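Biologist: Could you take me through the packing inside this protein, with a close look at the nonpolar core? I would like the cut-offs along the way, please.

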Amino acid sequence: MAHVILTGCTGTAGASMLAQCIKSSKVSRVSILSRRPVKQAEGQDKVKVHIHKDFNSYPDSLLRELEGAVGCIWALGISVSQVKPDEYRTITYDYTLAAAKAFAPLNPAFNFVYISGEGATRTPGRFTQLFARVKGEAETALLALRSEYPGLRIWNVRPAFIDESQNPLKDGPDIMLKKVFGRALPLFRTVWPRGVTPAGPLAELLESCTLDTASKDDVKARVQGKGVTVEEGDTLGVLLTNTGIRRLAGL
């Protein structure tokens, strides 16, 4: 059984991933990195919350606690509308790259699963929105790290609208954006069903990515198809768009 690192557990993707790891027989240990206590983790024997304030820095004492982890689901993030552009870049790009560099040596083969977002692009134009540009830059930079850390396996995952209505552990701040998306989901299910992914199947897919130990060729043979790109390079790098997520999740 495996040791997994989670971040962003009060958000939609992170909370769903926590619920999946708790019930999974394949995961024996979950290390959550959070700035504050995580209510959903209370009373869960396999889960340990590490209160961590600076996501640009990882002291040796914390890394020793994380040794042996097979992968990380990096769901830490914030809406571009909630912070200034510089802070958004720090959270979305700097924190992500700092974590990938710190975690890569934890295991000879380490899966870093980055929750990006539908609309992210690595080829921005003049009018590309900030979130799409910065998410794409983070994806590109993560893939580039594979040359420095040969055991680092990158999964860039771009879900669109995540339906968390069936997640038993959903929690987090009751902000207006969350309310708006929650009210809009029934409409999206009707007019754009392929743009909505239930949190449960998404979490199961993310778990499989995090625990994957197959060779690049085997992964390519298994996942290649519409909505999925296996990146060039000797080490595994995969892009899952929302279309690919739904296909691999059987939706």
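Modeller: Happy to; here is the core, followed by the cysteines. Please keep in mind that this is a predicted model, where local features need pLDDT of at least 70, side-chain atom pairs count only at pLDDT 80 or more, and totals for chains, interfaces and linings use all residues. Residues are numbered from 1 along each chain as its sequence is written, and side-chain values use heavy atoms, with hydrogens and water left out.

A nonpolar core here is a set of buried Ala, Val, Leu, Ile, Met, Phe, Trp, Tyr and Cys residues joined through side-chain atoms within 4.5 Å. Buried means under 20% relative accessible area, exposed over 50%, and partly exposed in between (1.4 Å probe, protein chains only). The largest such core has 37 residues, and Leu6, Leu18 and Ile32 touch the most other members. Helix α6 (residues 199-211) gives this core its largest share, 7 residues; helices are DSSP runs of H or I, at least four residues, and strands are runs of E, at least two, numbered from the N terminus.

Leaving aside residues up to four places away in sequence, Ile32 touches Leu6, Cys9, Leu18, Val38, Ala41, Val47, Lys48, Val49 and His50, where contact means heavy atoms within 4.5 Å. Apart from this core lies another, of 32 residues, including Leu66, Tyr95, Ala98 and Leu142.

As for the cysteines, the whole structure holds 0 disulfides, a disulfide being a pair of cysteine sulfur atoms within 2.5 Å. Cys72 is in none, and the nearest cysteine sulfur, that of Cys9, is 9.6 Å away. Cys72 counts as buried because its relative accessibility is 0%; Cys209 is buried too, at 3%.
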